[in-house]
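This report describes the fold and the local geometry of one protein chain. The sequence and the coordinates are shown first, and the description follows.

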Amino acid sequence: MPHISKKQLSEKTERALKNKLVDMLRIIGKDRKVTYSLNELLTFTEGVMLAKRLGMIYLVHKGNSTLDICDTLNVSPSTVARIEKIQDRGGYQNIEKVFHKLEPSLIEVIEILLSSVPSKVGKDRWNFLNKDD
């Protein structure tokens with residue numbers, strides 16, 4: 001869990017910093033070296049945290065089960081439930097609008113991960129390993 005300082009910023013300063021962050025991300029997004037820029041900006045933990053959050057929002061949006069999301073992204077059911085609750089109350093609408101703009105490869109990776117999760121029980125739960133694609 002990333003550490004947040006106990007020293008509070010004024011609301012005006014916090015808003016100004018968030019606006020500058022958004023501006024910077026827009027500029028980075030137009031740069032071919034975006035991966036390097038984000039690696040400089042985010043710690044490993046922050047990158048994983050944001051990637052998992054985006055993955056959860058996407059998978060909830062697609063209607064995947066809580067169990068499948070937990071197994072795919074190694075998150076707890078309570079974390080998925082929190083994302084589902086926010087989405088049910090109208091949250092993440094702006095993020096969901098841009099899912100179709102994401103590279104198909106990113107979405108395919110999430111869907112491949114999800115489809116490869118075997119059932120927890122049953123004699124045929126490992127048959128997916130024998131499929132020839």
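Which pattern does the protein follow when read along the sequence? Read in that direction, the pattern is α-α-α-α-α-α-α. The model is a predicted one. Its secondary structure comes to seven helices and zero strands. Of the 133 residues of the protein, 18% count as buried. Among the contacts between residues at least 6 apart in sequence, 47% join residues at least 24 apart.

## Helices H3 and H4

Helix H3 covers residues 44–61. The helix has 18 residues and reaches 26 Å from its first C-alpha to its last, close to the 26 Å expected at 1.5 Å a residue. Its buried residues are Gly55, Met56, Ile57, Tyr58, Leu59 and Val60. Just after H3, Gly63 takes a positive phi of about 90 degrees.

Helix H4 covers residues 66–73. In this helix the buried residues are Ile69, Cys70, Thr72 and Leu73. Just after H4 comes Asn74, again with a positive phi, here of about 55 degrees.

## Packing against H5

Helix H5 comprises residues 77–88, and its packing is described here with H3 and with H4. The geometry of the two pairs is set out below.

| Helix pair | Angle between axes | Axis separation | Handedness of crossing |
|---|---|---|---|
| H3 and H5 | about 60 degrees | 10 Å apart | right-handed |
| H4 and H5 | roughly 120 degrees | within 9 Å | right-handed |

How are H3 and H5 oriented to each other? An angle of about 60 degrees is neither under 35 degrees, as for roughly parallel axes, nor within the 65 to 115 degrees of roughly perpendicular ones; H3 and H5 are therefore oblique to each other. On the H3 side, the contact involves Arg53, Met56, Ile57, Val60 and His61, which meet Thr79, Val80, Ile83, Glu84 and Gln87 in H5. By class, this contact has five nonpolar, three polar and two charged residues. Met56, Ile57 and Val60 of H3 take part in the contact and are also among the buried residues of that helix. An α-helix has 3.6 residues a turn, so residues three or four places apart point the same way. In H3, Arg53, Met56, Ile57 and Val60 are among the residues that meet H5.

The second pair is likewise oblique. With a crossing of roughly 120 degrees, the angle lies outside the 65 to 115 degrees of roughly perpendicular axes and is not over 145 degrees, as roughly antiparallel axes would require; H4 and H5 are therefore oblique to each other. The contact is made by Thr66, Ile69 and Cys70 of H4 and by Pro77, Val80 and Glu84 of H5. Its composition by class is four nonpolar, one polar and one charged residues. Ile69 and Cys70 belong to this contact, and both are buried. On H5, Val80 and Glu84 touch H4, and these two residues also meet H3.

## Positive phi outside glycine

Where does Asn74 lie? Asn74 is in the loop between H4 and H5. Its phi is positive, at about 55 degrees, although the residue is not a glycine. Asn74 is exposed, with a relative accessible area of 65%.

Tyr92 is another residue other than glycine with a positive phi, here near 65 degrees. Tyr92 is found in the loop between H5 and helix H6 (93–97). Is Tyr92 buried or exposed? At 18% relative accessibility, Tyr92 counts as buried, because the cut-off for buried is under 20%.

## Leu41 in helix H2

Leu41 lies in helix H2, which spans residues 34–41. At 35% relative accessibility, Leu41 counts as partly exposed. Not counting residues up to four places away in sequence, Leu41 touches Leu21, Met24, Leu25 and Glu46.

Technical notes
Residues are numbered from 1 along each chain as its sequence is written. This is a predicted model: local features need pLDDT of at least 70, side-chain atom pairs count only at pLDDT 80 or more; totals for chains, interfaces and linings use all residues. Side-chain values use heavy atoms; hydrogens and water are left out. Axes are lines fitted to C-alpha atoms, for helices over the stretch in contact, and angles run from 0 to 180 degrees between N-to-C directions. Helices (H or I, at least four residues) and strands (E, at least two) are DSSP runs, numbered from the N terminus. A crossing is left-handed if the near helix is turned anticlockwise from the far one by less than a right angle, and right-handed if clockwise. Contact means heavy atoms within 4.5 Å. Ala, Val, Leu, Ile, Met, Phe, Trp, Tyr, Cys and Pro count as nonpolar, Asp, Glu, Lys and Arg as charged, and the others, Gly among them, as polar. The expected span of a helix is 1.5 Å times one less than its number of residues. Buried means under 20% relative accessible area, exposed over 50%, partly exposed in between (1.4 Å probe, protein chains only).
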